[in-house]
Amino acid sequence: MHSDLGEFELIQRFFQTRAMAALAQDNQHILLGIGDDCALIEPNPQEHIAITSDMLVEGRHFFADANPQWLGHKALAVNLSDLAAMGAKPLGFTLAVALPHANSAWLNAFSNGLFALAQEFSCPLIGGDTTRGPLNICITAFGSIPTGKAIRRSGAIVGDDIWVSGSVGDARLALAALRQELTLSNLELQTIQASLHQPTPRINLGMALRDLAHSAVDISDGLFGDLKHILEASQVDAQVFLEQLPKSAILKKQERAIQNQFAANGGDDYELCFTAPADKHDQIRELGKALSLNLTRIGSITAMTSLTPKLQIFDEQQTLLSDTETAPFLKSFDHFK
């Protein structure tokens, strides 16, 4: 159903009022929110600001009939996941959205999903823009990190263990079921579809890793492809073991080839992959218990043996796969293909 809402009425009704209410709570670092040409943020002088932007485009990143409440959640979650990977504490975010038309019911559900997650992580909406056009959602999120504590992709060191949070592959499995590439029961799909539609950004894990991890990346385009970003930035090699990839019970019901393919490069997981010294193993295990979050060691960082970083993949029999065999595992999601 179409609506005759104008741009400023739309902003006021669905976003500004709720954003200002959130700012009235404990957000001392936000000096000025929606209503001026810019928002003003004043973090602690001993902190750095982390900034990230992610765009979700209808037909590319989500289905045209996507649940708007889930979409509001995911639009913010994918940005918070980037902050988590650097160990940042969320400060606030801006929202720019193009809408085919101002549908009140859609906007109400979308903003509900958006603000529920924003409130969970004390990350207020502080500005943005709206216009008419094909559905396109762009969020820029801001976070703070104590000086010198940012977890960068370039920090991996030879001898580090490689870890993954949660489990990987369920988002791709849910997508495959929705595309009718394979069949899941209704219960199985309902169980895993939150992995695709409502991922949990690992903010608390990221902040806890500031003094434990040497490097980290959030898993958005596929575990192995994103791990390669760490290898390239750190100029190291890695060894990983397919049997150690953390998979859900539902994914493990699939053929072994599908299990490995979806876990290795399915994408849309929004878990963290990080490296840490081997002597931090017990501390990381205890951290996982404290957060009630599965943290799994999947391999280790090794010295570079050629001019470019290399990811060596071992199968369930501990056999090193050939370059031809590993190629499918390294084909992560590409936004232009």
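This briefing describes the fold, the two sheets, the cores and some individual residues of the structure above. The model is a predicted one, and the protein it shows has ten helices and twelve strands. Of its 337 residues, 51% count as buried, and the accessible surface comes to about 15900 Å², of which 50% belongs to carbon and sulfur atoms. Among the contacts with a separation of 6 or more, 85% are accounted for by residues 24 or more positions apart.

**The four-stranded sheet**

- Four strands form an open sheet with mixed pairing, in the order E3-E6-E4-E5. Strand E3 (47-57) and strand E5 (125-132) stand at the edges with a single partner strand each, so one side of each is left without a neighbour in the sheet. From one strand to the next, the twist averages 15°.
- Edge strand E3 pairs with strand E6 (residues 136-146) in the antiparallel sense, over eleven bridges, and within the sheet threonine 52 stands opposite alanine 141 in E6.
- Helix H2 (residues 68-85) lies across E3, strand E4 (89-99) and E6, and its direction runs at about 140° to E3.
- Helix H3 (residues 104-120) lies across E4, E5 and E6, running at about 165° to E4.

**The six-stranded sheet**

- Six strands form another open sheet, again with mixed pairing, in the order E8-E10-E7-E11-E9-E12. Here E8 and strand E12 (311-314) stand at the edges, and because each has a single partner strand, one side of each is left without a neighbour in the sheet. Neighbouring strands of this sheet are turned against each other by 25° on average, direction ignored.
- H2, which lies across strands of the four-stranded sheet, also packs on the six-stranded one, where H2 touches E8 and E10 and its direction makes about 175° with that of E8.
- Strand E9 (237-241) is joined by four bridges to strand E11 (residues 295-302), the two running antiparallel; aspartate 237 stands opposite threonine 302 in E11.
- Helix H9 (residues 281-291) lies across E7, E10 and E11, and runs at about 150° to E11.

**Strand E10 and its partners**

- Strand E10 (272-276) is mostly covered, five of its five residues being buried.
- In a regular strand the side chains alternate between the two faces of the sheet. In E10 both faces are covered, with Leu272, Phe274 and Ala276 buried on one side and Cys273 and Thr275 buried on the other.
- Strand E7 (residues 161-165) pairs with E10 in the antiparallel sense over four bridges, and valine 164 stands opposite cysteine 273 in E10.
- Strand E8 (residues 215-218) likewise pairs with E10 in the antiparallel sense over four bridges, and the bridge partner of alanine 216 in E10 is phenylalanine 274.

**Nonpolar cores**

- In soluble globular proteins, nonpolar side chains tend to be buried together. The largest nonpolar core in this model has 51 residues, and those with the most contacts inside it are Phe15, Phe93, Leu95, Ile137 and Phe274. H2 gives the most to this core, contributing eight residues.
- Leucine 95, setting aside residues up to four places away in sequence, touches ten-listed neighbours that include Phe15, Phe110, Leu114, Leu125, Ile137 and Ile139.
- Apart from the largest core lies another, of 38 residues, among them Leu196, Val240, Ala264 and Leu321.

**Cysteines**

- The count of disulfides comes to zero.
- Cysteine 123 counts as buried because its relative accessibility is 1%, below the cut-off of 20%. Cysteine 273 also counts as buried, with a relative accessibility of 0%.

**Residues with positive phi**

- Most residues other than glycine have a negative phi. Glutamine 235 has a positive phi of about 55° although it is not a glycine; this residue lies in the loop between helix H7 (223-234) and strand E9, where glutamine 235 is partly exposed, with a relative accessible area of 43%.
- Aspartate 268, another residue other than glycine, has a positive phi near 65°, and its place is in the loop between helix H8 (256-265) and strand E10.

Technical notes
Residues are numbered from 1 along each chain as its sequence is written. This is a predicted model: local features need pLDDT of at least 70, side-chain atom pairs count only at pLDDT 80 or more; totals for chains, interfaces and linings use all residues. Side-chain values use heavy atoms; hydrogens and water are left out. Two strands pair if DSSP finds at least two bridges between them. Axes are lines fitted to C-alpha atoms, for helices over the stretch in contact, and angles run from 0 to 180 degrees between N-to-C directions. Contact means heavy atoms within 4.5 Å. Buried means under 20% relative accessible area, exposed over 50%, partly exposed in between (1.4 Å probe, protein chains only). Accessible areas come from the Shrake-Rupley method with a 1.4 Å probe; for residues, only the protein chains shown count as cover. A disulfide is a pair of cysteine sulfur atoms within 2.5 Å. A nonpolar core is a set of buried Ala, Val, Leu, Ile, Met, Phe, Trp, Tyr and Cys residues joined through side-chain atoms within 4.5 Å.
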